[in-house]
Structures are given as structure tokens and as C-alpha cells.
Amino acid sequence: MNKDQTLAEARGFAKLELGRDSSGHDWQHTARVARTACALARREGADVFICELAAVLHDVADEKLNPSKEEGLQKVENWLQRQQVEASALDHVMQIIGNMSYGGGQGGTLPTLEGRVVQDADRLDALGAVGIARTFAYAGWKGSLIFDPELKPRETMSKEQYRNERSTAINHFYEKLLRLKDLMNTEAARELARERHAYMEAYLEQFYRELEPELE
Ligand code: ADP
Ligand code: NI
């Protein structure tokens with residue numbers, strides 16, 4: 001099977017698996033990550049096929065959509081084997097999707113440029129106007145509040161406290177979103193992250209302004 005056919009099959013598989021998930025992992029998230037990954041790969045000189053294939057499959061194994069991350073990864077690996085994807089490409093894609101998540105994975109920098117590109121593409125989709133939309137969609141899915149004025153500045157809270165139900169959509173900006181700009185691996189992603197970061201800061205300023213309306 002050639003690369004274009006493999007990618008077309010992978011898109012079909014991911015669409016079917018992700019369905020209409022409303023936790024921020026729907027097919028359109030994957031489609032955006034794949035487009036961004038291709039653009040970053042071209043700019044950074046990474047292997048575009050590997051980046052696109054890993055991006056298309058990256059959330060199929062997500063633990064939110066599977067009984068466990070291991071089972072999710074096994075499902076993707078079995079699928080790649082059935083497509084007769086070359087062993088080196090299969091290993092590379094599995095290595096990327098098994099290690100790219102923000103909280104999990106191996107923590108450090110991903111060992112290949114392709115992994116760093118796909119990770120950047122996924123992180124970029126958590127930023128800007130799209131990232132804001134996904135944050136509120138996720139908070140609704142999880143049953144969290146939009147905002148809680150009682151919640152004290154986030155840096156003083158422990159990770160455990162963040163994880164409990166007191167965390168809010170607005171809090172998620174401080175827990176994660178505003179930190180992502182400095183975690184980008186590639187220069188091309190940093191360039192895209194700057195504008196999206198500034199947009200989120202402006203959004204938060206406006207949000208707080210609306211809490212204390214002032215009339216002339
Ligand atoms: P991905 O695996 O695609 O990077 P995540 O599973 O971490 O995404 O989260 C899906 C989306 O929901 C992202 O946009 C993320 O920023 C957002 N999100 C994750 N955790 C929370 C939370 N506790 N509150 C609000 N939004 C969240
Ligand atoms: Ni994702």
C-alpha cells in the first residue's frame with residue numbers, strides 16, 4: 001500500500017474510532033493537528049508522512065476513549081500491522097503516540113524531530129481561539145464550572161487540588177494553556193504559539209473586566 005492510501009485508510013479509521021467525542025478529541029481536532037503537523041514538518045524538514053500518520057492516529061489510543069492507554073496503543077499497533085505499514089514506520093509512529101501527551105509519556109523531549117513536530121501540533125490546538133473553545137467544551141463534558149472566584153491563585157495549589165472537581169475552565173489556562181508557549185519544541189511552532197498565547201491573554205483580561213462592569 002502506498003503512503004497516500006495508508007493515510008486515507010488511517011483517516012477513515014480515526015474518524016470511526018473518535019466518532020463524535022465531545023471531550024475535545026473529536027475528528028476535527030485530529031484533522032487540525034494533522035494539517036498543522038504537515039505544515040510544521042515541511043518548515044522543519046521532518047518526514048511529512050510519519051508526522052501526518054502519527055497525527056491522524058494520535059488520539060485513537062487516548063485513555064479517555066479506551067479501557068486503558070495500553071489497550072488503546074495495542075489497537076493502533078494492530079491496525080498498523082494489518083495495513084502492512086513498514087516496520088520502521090510502525091515503530092516510529094507507535095513511539096510518537098505513546099510518548100507525546102502533556103501529562104503522561106516520558107516527560108522529557110521526544111527523541112525524534114517527527115515526534116517533536118506532532119507534539120507541537122497537538123499542543124498548538126490547545127491554544128488560541130480553538131484552544132479556548134476546546135477548554136470550555138472539555139469543562140462542560142467533565143462537569144466543571146466556568147469560573148470560581150473563590151479559587152485562589154492557581155500557582156499556590158497542588159497538582160492534586162487541580163485535579164479535583166474544584167478546578168475550573170478558567171483555571172485550566174493557568175494550569176496548562178499559558179505554559180505551553182514555552183514548551184514548544186520547534187521554532188515554527190513557537191512562531192504560531194506567540195499569536196495564540198497573546199489572544200488568550202487578551203481573552204482573560206476581557207473575562208475579568210466583565211466580572212466588574214464599570215459604567216462611565
Ligand atoms: P490532547 O490529548 O488532545 O492534547 P487533552 O486530553 O489534554 O488534549 O485535553 C483535551 C482538551 O481539553 C484540550 O484542549 C485541553 O486543553 C482541554 N482540557 C484538558 N483538561 C482540562 C480541564 N481540566 N479543564 C478544561 N479543559 C481541559
Ligand atoms: Ni490531541
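This is a chat about the predicted model shown above.

Reader: Let's start simple. How many helices and strands does the chain have?

Author: There are 10 helices and zero strands. Reading from the N terminus, the elements run α-α-α-α-α-α-α-α-α-α.

Reader: And how compact is the chain for its length?

Author: Its radius of gyration is 18 Å, and the globule rule gives 17 Å for 216 residues, so the chain is as compact as a globular protein of that length. Along the principal axes, the C-alpha atoms fill a box of roughly 65 × 35 × 30 Å.

Reader: What share of the residues is buried?

Author: Buried residues make up 34% of the 216. As for contacts, take those between residues at least 6 apart in sequence: 60% of them join residues at least 24 apart.

Reader: OK, domains. Where are they?

Author: Domain 1 covers 1-108 and domain 2 covers 126-216. Eight residues of domain 1 are in contact with nine residues of domain 2. On the domain 1 side, the touching residues are two nonpolar, three polar and three charged.

Reader: There's a ligand in there too. Which residues come nearest to ligand 1?

Author: G24, A126, R134, Y138 and H172 come nearest, out of 17 residues around ligand 1.

Reader: Which helix gives the most to that shell?

Author: That's α7, with five residues. Both α7 (128-142) and α9 (169-180) supply at least two residues each.

Reader: How does the shell divide into nonpolar, polar and charged?

Author: Five nonpolar, eight polar and four charged. The shell also draws at least three residues from each of domain 1 and domain 2.

Reader: Switching to α6. Is that helix largely enclosed or open?

Author: Helix α6 is largely enclosed by the rest of the structure, because 11 of its 12 residues are buried. The buried ones include charged-looking names you may want to click on, among them E114, R116, D120, D122 and R123. G115, V117, V118, Q119, A121 and L124 are buried as well.

Reader: What covers them?

Author: The cover includes α2, α3, α5, α9 and α10 (187-211).

Reader: And what about the length of α6, how far apart are its ends?

Author: The end C-alpha atoms of α6 are 16 Å apart, which agrees with the 16 Å that 12 residues should span at 1.5 Å a residue.

Reader: You listed α5 as part of that cover. Which residues of α5 are buried?

Author: V93, I96, I97 and G98 are the buried residues in α5. Their cover includes α3 (48-57), α4 (69-82) and α6 (113-124). Helix α5 itself has 13 residues, 87-99, and reaches 18 Å from its first C-alpha to its last, close to the 18 Å expected.

Reader: Just before α5 there's a loop. What's up with the phi of Q84?

Author: Phi of Q84 is near 55 degrees, a positive value in a residue other than glycine. Q84 lies in the loop between α4 and α5.

Reader: Buried or exposed?

Author: Q84 is exposed, because 10 other C-beta atoms lie within 10 Å, and the cut-off for exposed is 12 or fewer.

Reader: And R82, where is that one?

Author: R82 is in helix α4. R82 counts as exposed because it has 10 C-beta neighbours inside 10 Å. Its C-alpha is separated by 40 Å from that of A169, which is 87 residues apart from R82 along the chain.

Reader: Now G19. Where does it sit?

Author: G19 lies in the loop between α1 (3-18) and α2 (27-44). With 12 C-beta neighbours inside 10 Å, G19 counts as exposed. Between G19 and D122 there are 18 Å, C-alpha to C-alpha, and the two are 103 residues apart along the chain.

Reader: Last one: K181. What does it touch?

Author: K181 touches A193, R194 and H197, leaving aside residues up to four places away in sequence. K181 and H197 are 16 residues apart in sequence, with 6.7 Å between their C-alpha atoms. K181 is found in the loop between α9 and α10.

Reader: Why does K181 count as partly exposed?

Author: Because K181 has 19 C-beta neighbours inside 10 Å, and a residue needs 20 or more to be buried.

Terms used: Residues are numbered from 1 along each chain as its sequence is written. Chains are lettered from A and ligands numbered from 1 in the order in which they are written. This is a predicted model: local features need pLDDT of at least 70, side-chain atom pairs count only at pLDDT 80 or more; totals for chains, interfaces and linings use all residues. Helices (H or I, at least four residues) and strands (E, at least two) are DSSP runs, numbered from the N terminus. The expected span of a helix is 1.5 Å times one less than its number of residues. Two residues are in contact if their C-beta atoms, placed from the backbone, lie within 7 Å. Domain bounds come from an automatic or database domain assignment. Ala, Val, Leu, Ile, Met, Phe, Trp, Tyr, Cys and Pro count as nonpolar, Asp, Glu, Lys and Arg as charged, and the others, Gly among them, as polar. The radius of gyration is taken over C-alpha atoms; the globule rule is 2.2 Å times the number of residues to the power 0.38. A residue is near a molecule or strand if its C-beta atom, placed from the backbone, lies within 6 Å of it.
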